[in-house]
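Here is a short report on one protein chain. Take a look at the fold before reading on.

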Amino acid sequence: MFEQEWRRANRQNYEISLLLLDIDHFKKVNDTYGHLVGDVILGSVAKEIDQMFNRPSDIVARYGGEEFAVVLPYVTSDNARNMAEQLRLLLQETTFVADGHELQVTINIGVATVQPTNDTAQRDLIGWADNVLYEAKASARNKVCQYMG
C-alpha cells in the first residue's frame, strides 16, 4: 500500500508524510507483566493510532516489535508534526487496562515528509523518519522529532 501511495504522490505531485512510533521502555512491560499483557497493550495502542488516522488514504501498520508506522498522503510537514504531537499527548494521557493491570505508556515519534520525485525513494523517507525517531529516543523519551531536510 505504501508503494502504491508513493507512486501516486510522485505522479500527482503531492507530499507524503511518515510517522515512525516506538513505545518507550516496552521491554519492561513484557518483563514485569508478561507478554500476554504486552500484547493487549500493543493492540490497544494500535487501536488508538488507527482511530486518530482514519482517512481512507492513511496507512497504519505495526512496523516491528513495539514500533508502528503511519503513512499520511497529502499531509504537509507542519501538519504531520502537529498530528504526531496530538497522538503523543493522547497516548500519554490514556490509561490502558490489561489483565487487571492499569498501565500508561509514552511514545517517541519520528516524522518525515517529502514530495516524491524520480530522485527519491521510499527508503529515503523511511530512513529520515527512523533517524529522527532514534534522535528522540536518545535525547529524551516521550518526544516528537522531525526531519528537516
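## Surface and charge

Accessible areas here come from the Shrake-Rupley method with a 1.4 Å probe. By that method, the predicted model has an accessible surface of about 7900 Å². Carbon and sulfur atoms account for 46% of this surface.

What is the charge balance of the side chains? There are 14 positive and 21 negative side chains. The centres of the two sets lie 2 Å apart.

## Overall fold

The chain holds 5 helices and 7 strands. Read from the N terminus, their order is α-β-α-α-β-β-α-β-β-β-α-β.

How does the radius of gyration compare with that of a compact globule? A compact globule of 149 residues would come out near 15 Å, and the chain has 16 Å, so the two agree. Along the principal axes, the C-alpha atoms fill a box of roughly 50 × 30 × 20 Å. Of the 149 residues, 43% count as buried. Contacts reach far along the sequence: among those between residues at least 6 apart, 70% join residues at least 24 apart.

## Strand β1

Strand β1 covers residues 16–23, and 8 of its 8 residues are buried. In a regular strand the side chains alternate between the two faces of the sheet. In β1, Ile16, Leu18, Leu20 and Asp22 point one way. Ser17, Leu19, Leu21 and Ile23 point the other way. Both sets are buried, the charged residue Asp22 included.

Which strands pair with β1? Strand β3 (residues 67–73) is one partner, antiparallel and joined by 7 bridges. Strand β6 (residues 107–114) is another, also antiparallel, with 8 bridges. Specific pairs fix the register. Ile16 has Pro73 of β3 as its bridge partner, and Asp22 stands opposite Glu67 in β3. On the β6 side, Leu18 stands opposite Ala112.

## Strand β3 and its hairpin

Like β1, strand β3 is mostly covered: 7 of its 7 residues are buried. Glu67, Ala69, Val71 and Pro73 point one way from β3. Phe68, Val70 and Leu72 point the other way, and these too are buried.

Besides its pairing with β1, β3 runs antiparallel to β2, with 5 bridges between them. Glu67 in β3 is the bridge partner of Gly64. Strands β2 and β3 form a hairpin with 2 residues between them. Gly65 sits in the turn, with a positive phi of about 55°.

## Tyr63 in β2

Tyr63 lies in strand β2, residues 59–64. Is Tyr63 buried or partly exposed? Its relative accessibility is 42%, and the partly exposed class runs from 20% to 50%, so Tyr63 counts as partly exposed.

Beyond its neighbours within four places in sequence, Tyr63 is in contact with Leu20, Phe68, Ala69 and Ile126. Of these, Leu20 belongs to β1, while Phe68 and Ala69 belong to β3. Tyr63 and Met1 are 62 residues apart in sequence, with their C-alpha atoms 14 Å apart in space.

## Positive phi outside glycine

Which residues have a positive phi without being glycine? Tyr74 is one, with a phi of about 70°. Tyr74 is found in the loop between β3 and α4 (77–93). Tyr74 is partly exposed, at a relative accessible area of 46%.

Asn142 is another, with a positive phi of about 60°. Asn142 lies in the loop between α5 (122–139) and β7 (144–146).

Definitions and conventions:
Residues numbered from 1 in each chain as written. Predicted model: local features only at pLDDT ≥ 70, side-chain atom pairs only at ≥ 80, totals over all residues. Heavy atoms only, no water. Helix = DSSP H or I, 4+ residues; strand = E, 2+ residues; numbered from the N terminus. Rg over C-alpha atoms; globule rule 2.2 N^0.38 Å. Buried < 20%, exposed > 50% of the residue type's maximum accessible area, 1.4 Å probe, protein only. Contact = heavy atoms within 4.5 Å. Charge placed at Lys NZ, Arg CZ, Asp CG, Glu CD. Pairing = 2+ DSSP bridges.
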